[in-house]
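Visitor: I am new to reading protein models, and I would like to learn how the words used for them are justified. Could you show me one and take me through it?

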Amino acid sequence: NLTDRWTTNSGSYAGQYVQIDFTGSINLSRITLDDSQTSGGDYPGAYAVFSSSDGVNFSSTPFVTGSGTSGQTVISFQQENIRAIRIQATSTTNGGWWSIGEIETNCSL
């Protein structure tokens with residue numbers, strides 16, 4: 001549902017994160033943060049994605065980093081076998097919040 005959203009309700013800053021536990025091991029190669037129909041200007045200035053094999057303990061080194069974009073932030077990477085991900089903002093945006101209307105993934109078992 002792209003017409004509602006998760007949001008920080010405040011200015012975006014480094015250290016904020018959203019975490020997803022898939023409750024089992026999956027193969028993941030793309031994540032799309034879509035806020036094109038809610039608040040296209042609310043995205044992380046830069047991000048890092050961390051993995052977890054147990055849903056509790058996350059790697060100390062991200063497996064992918066990049067910059068957010070207005071409307072949709074598409075994060076593509078070589079396939080990772082994971083159970084959970086943490087998408088963490090690594091910079092402050094220009095006063096905008098961080099909002100996500102929908103998270104889409106390209107994954108398989």
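Visitor: Which residues have the most contacts inside the largest nonpolar core, and how many residues does this core have?

Guide: This is a predicted model, in which local features need pLDDT of at least 70 and side-chain atom pairs count only at pLDDT 80 or more, while totals for chains, interfaces and linings use all residues. Residues are numbered from 1 along each chain as its sequence is written, and side-chain values use heavy atoms, with hydrogens and water left out. The largest nonpolar core has 17 residues, and those with the most contacts inside it are Ile31, Val49, Ile75, Ile85 and Ile87. Strand S2 (17-34), strand S3 (46-52) and strand S5 (72-89) each supply at least two residues of this core.

Visitor: What makes a set of residues a nonpolar core?

Guide: The set must consist of buried Ala, Val, Leu, Ile, Met, Phe, Trp, Tyr and Cys residues joined through side-chain atoms within 4.5 Å. The strands that supply it are DSSP runs of E with at least two residues, numbered from the N terminus.

Visitor: Why is leucine 28 called buried?

Guide: Buried means under 20% relative accessible area, exposed means over 50%, and partly exposed lies in between (1.4 Å probe, protein chains only). Leucine 28 has 0% relative accessibility, so this residue counts as buried. Leucine 28 is found in strand S2, and among the residues that it touches, with heavy atoms within 4.5 Å, are Phe77, Ile85 and Cys107.

Visitor: How do you know that aspartate 21 and arginine 83 form a salt bridge?

Guide: The term asks for a side-chain nitrogen of Lys or Arg within 4 Å of a carboxyl oxygen of Asp or Glu. For aspartate 21 and arginine 83 the N to O distance is 2.9 Å, so the pair meets the rule. Aspartate 21 lies in strand S2 and arginine 83 in strand S5, so the pair ties together parts that are 62 residues apart in sequence. Aspartate 21 is partly exposed at 34%, and arginine 83 is partly exposed at 26%.

Visitor: How many salt bridges does this rule give?

Guide: The count comes to two. Aspartate 42 also forms a salt bridge, with arginine 5, and their closest N and O atoms are 3.4 Å apart. Aspartate 42 is in the loop between S2 and S3, whereas arginine 5 is in the segment before strand S1 (6-7), 37 residues apart.

Visitor: Are aspartate 42 and arginine 5 buried or partly exposed?

Guide: Aspartate 42 has a relative accessible area of 14%, so this residue is buried, whereas arginine 5, at 37%, counts as partly exposed.

Definitions and conventions. Helix = DSSP H or I, 4+ residues; strand = E, 2+ residues; numbered from the N terminus. Lists of a residue's contacts leave out its neighbours within four places in sequence.
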